[in-house]
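Trainee: Could you give me a close look at a single part of this model, the contact between the chains? Start from whatever leads into it, and tell me afterwards what else is worth a glance.

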Number of protein chains: 2
Amino acid sequence: MKPDGLLMIPGPVKLHERIINAMAKQMIGHRSKDFEEVFEYCINAIKPLFGTHGDVAIISGSGTAGMEAAIASFSKVRRITCIDNGKFGERFAKIARRYTEVDHLRFEWGESVDLERVEQSLANGSEAVAFVHNETSTGILNPAEEISRIAKKYDALVIMDGITSVGGDEVRMDDWGVDVAVVGSQKCLGAPPGLAAVAVNDRAWDFYNENVPFYLDLKAYVKKAKDNQTPYTPAVPLFLALAEALRIIEEEGLENRIARHRKLANATRKWAEEAGLELFPKLNEHSRYSNTVTAIRMPEGVSDKELRGTLREEYGITISGGQEHLKGKIFRIGHMGNVNKRDLLATLAAVEEILLRKGAVKPAIHAAMEALR
Amino acid sequence: MKPDGLLMIPGPVKLHERIINAMAKQMIGHRSKDFEEVFEYCINAIKPLFGTHGDVAIISGSGTAGMEAAIASFSKVRRITCIDNGKFGERFAKIARRYTEVDHLRFEWGESVDLERVEQSLANGSEAVAFVHNETSTGILNPAEEISRIAKKYDALVIMDGITSVGGDEVRMDDWGVDVAVVGSQKCLGAPPGLAAVAVNDRAWDFYNENVPFYLDLKAYVKKAKDNQTPYTPAVPLFLALAEALRIIEEEGLENRIARHRKLANATRKWAEEAGLELFPKLNEHSRYSNTVTAIRMPEGVSDKELRGTLREEYGITISGGQEHLKGKIFRIGHMGNVNKRDLLATLAAVEEILLRKGAVKPAIHAAMEALR
């Protein structure tokens with residue numbers, strides 16, 4: 001018998017059964033009072049996760065749609081600095097290039113951001129900065145607060161991809177001075193993929209460019225949100241799922257949720273260390289390991305297929321490989337959303353068992369068990 | 001006891017329980033073989049509904065995202081003619097204005113398109129034409145074949161909003177010479193809202209504009225579709241639902257499905273006629289009544305709230321009102337997707353019962369029953 005599936009990737013995440021059930025409903029009209037109540041709940045419940053009192057738009061589309069809506073809607077800038085130390089930072093640069101001049105600050109994927117280069121770029125006349133808070137392609141947490149502080153010295157707009165941090169790690173938009181931030185439904189929120197929320201502070205509107213794509217025009221979303229509606233037909237089942245996911249977050253409590261993510265991440269790192277595996281990111285004094293995904297170097301002599309293929313085949317567990325030029329060089333374990341100790345231990349034990357067969361690690365699962373106590 | 005809900009609007013439509021159940025699944029990886037199979041099935045099963053052998057892109061987003069992807073991706077034109085005889089035609093013009101010069105051909109909402117004006121606009125140098133096939137805001141079916149024929153005389157690109165015709169009425173893109181067409185998941189396909197499919201013929205690529213928004217760049221979707229993948233994380237549950245919806249269409253057979261839509265539409269119109277109600281659209285020799293939605297003038301002395309409010313309150317049935325300046329002046333009954341005789345008769349009888357109380361109609365339900373035989 002083939003085992004049923006367990007997703008341990010950096011999104012889409014495994015769904016809690018309450019969220020699956022929330023979706024399995026007869027359709028309701030998207031202009032009905034019933035939908036408006038769902039929508040209003042979502043907007044209000046998501047703001048604390050961003051750490052904002054500003055507006056929130058919810059787009060029916062993936063996280064990339066949210067990233068582009070953020071860039072395009074606020075592209076009235078001569079130049080934008082895009083920080084790239086991973087695939088999603090690179091994506092910001094690709095998107096931004098369609099709207100304005102870009103200073104593309106490249107770092108090796110897995111390296112930390114050099115804040116001096118960020119400051120230099122802003123001093124040279126960039127009017128905005130876009131960066132990824134939690135870079136899932138490499139498992140690094142970029143220093144959002146420090147980047148924002150530098151940007152503010154130059155009155156620059158700050159756009160943050162919080163797609164895989166919001167709801168799973170500390171995000172304090174208003175305190176940090178982040179003007180625009182994005183989250184995806186399928187990451188730390190624990191809902192299925194297909195929605196992106198964009199939080200917007202008042203200051204961002206000074207940078208509003210009305211030549212934004214129609215579908216990604218945040219002004220239209222924010223305006224309609226005052227009536228608890230969306231400008232275009234929303235993906236109704238995904239809103240129902242998101243509302244249930246946010247209810248679960250409220251019940252758990254945001255602090256507890258962040259603490260859980262940290263504990264799971266810590267256990268994963270302790271396990272890797274004990275097993276003799278090497279974490280992929282290279283930290284500096286400002287960066288940290290991600291608390292929502294752990295990226296680990298593939299041990300010598302083990303192929304992606306041997307590890308991830310066997311894991312899926314024998315255990316029904318899916319973890320991620322490396323993207324682009326990191327294919328085969330790293331593997332990534334997602335521990336975000338409504339993931340629990342049981343799922344994580346199963347994953348780490350199964351990975352260890354496969355790598356032990358190849359003689360590529362030392363026994364280490366007890367280190368994770370201890371860290372999870 | 002409040003009755004449970006029945007949606008009889010021009011989308012989102014009531015879901016068949018098989019489609020609800022298809023969504024209620026644990027999440028699968030979007031880069032997994034399992035997802036690729038779902039995706040491949042969707043692409044192949046949807047092509048015959050467009051009447052095309054061309055490429056199909058599926059975007060996680062509403063129909064509007066599909067409309068904009070179609071316009072923006074193929075906006076390398078000096079001028080585009082946008083035909084507007086209803087809300088969605090107007091939307092095409094609004095979208096197109098963000099990409100190129102627009103000749104906005106306005107007709108009164110509810111009026112038929114004057115093909116001579118279309119020809120004139122093309123003769124004056126438009127290189128593309130965008131129009132809505134089935135205009136749900138007014139219940140009219142615009143003459144797609146004739147518009148395409150005129151456009152071809154001028155080698156103009158033809159972009160068609162088939163959002164509420166594909167899967168419910170005859171659409172023959174390749175035969176008619178439509179180069180790009182759009183459908184929404186929540187209309188005649190019978191799936192939940194949140195996906196838009198765009199069919200693209202080879203010729204359209206001559207008009208490709210690489211300055212298209214990143215998320216709406218059809219080249220990226222078509223390229224990834226060769227590997228049965230999407231460029232950005234897809235709304236997985238909605239793809240599962242769409243696949244099941246397309247399976248239901250295959251089982252019914254496209255011809256039978258179109259015949260069913262026509263029969264339901266015919267019954268609705270016969271009922272309205274017999275009741276002494278006035279259909280809203282003004283036909284000419286080229287236009288027809290929509291087979292997927294019927295728009296009817298609100299009888300004198302009846303308010304939107306009296307009709308639609310009472311219908312929802314007492315019967316749990318939701319129908320649509322008029323949009324924009326048509327608010328309160330018309331009501332619209334959707335009969336698209338997996339709707340059946342039972343749902344339609346219940347709706348017509350309930351509407352009739354409410355209007356009879358107001359002395360606003362004659363008894364007419366038997367006309368519908370007869371037409372449905």
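Mentor: Before the labels start flying: helices (H or I, at least four residues) and strands (E, at least two) here are DSSP runs, numbered from the N terminus. Also keep in mind that this is a predicted model.

Let's come in from the N-terminal end. Pro12(A) sits in the loop between strand E1 (6-7) and H1 of chain A, and the peptide bond joining Gly11(A) to Pro12(A) is cis, with omega about -5 degrees. Chain B has a cis bond as well, from Gly11(B) to Pro12(B), with omega near -5 degrees. There, Pro12(B) is in the loop between strand E1 (6-7) and helix H1 (17-23) of chain B.

Now the contact itself. Chain A puts in 45 residues and chain B puts in 45 residues. Together they bury about 3,500 Å², with carbon and sulfur atoms giving 68% of that area. On the polar side, the count between chain A and chain B is twelve residue pairs in polar contact, both residues being at pLDDT 80 or more. Two salt bridges turn up across the interface of chain A and chain B. One of the bridges between the chains pairs Arg98(A) with Asp217(B), whose closest N and O atoms are 3.4 Å apart. That counts as a salt bridge because the cut-off is a side-chain nitrogen of Lys or Arg within 4 Å of a carboxyl oxygen of Asp or Glu.

Which helices does chain A bring to the side that touches chain B? Helix H1 (17-23), helix H3 (63-73), helix H4 (87-96) and helix H9 (236-252) of chain A each supply at least two residues of it. Sorted by type, the residues on that side of chain A come out as 26 nonpolar, eleven polar and eight charged.

How do the copies sit relative to each other? A turn of 180 degrees, with a shift of 0.0 Å along the axis, lays chain A on chain B with an RMSD of 0.0 Å. The two copies are thus related as by a two-fold rotation axis. In addition, 100% of the interface residues of chain A are also interface residues in chain B, so the copies meet through the same surface.

A few other spots, since you asked. H9 of chain A, one of the helices at the contact, is joined to helix H8 (218-225) by a loop that holds Asn228(A). Asn228(A) has a positive phi of about 60 degrees, although it is not a glycine.

Chain A also has an open sheet of three strands, ordered E6-E7-E11, with antiparallel pairing. Strand E6 (134-135) and strand E11 (288-289) of chain A are at the edges with a single partner strand each, so one side of each has no neighbour in the sheet. E6(A) is tied to strand E7 (residues 140-141) of chain A by two bridges, and Asn134(A) has Leu141(A) as its bridge partner in E7(A).

Lastly, salt bridges overall: the structure holds 54 of them over all chains. Among them is the pair Arg308(A) and Asp304(A), at 2.9 Å from N to O. Both residues lie in helix H11 (residues 304-315) of chain A, where Arg308(A) and Asp304(A) are four residues apart, about one turn of the helix.

Note on methods. Residues numbered from 1 in each chain as written. Chains lettered and ligands numbered in written order. Predicted model: local features only at pLDDT ≥ 70, side-chain atom pairs only at ≥ 80, totals over all residues. Heavy atoms only, no water. Contact = heavy atoms within 4.5 Å. Buried area = accessible area lost by both parts, 1.4 Å probe. Polar contact = N/O pair within 3.5 Å; in protein donor to acceptor, adjacent residues only side chain to side chain. Nonpolar A, V, L, I, M, F, W, Y, C, P; charged D, E, K, R; others polar. Least-squares fit on C-alpha atoms with pLDDT ≥ 70 in both. Pairing = 2+ DSSP bridges.
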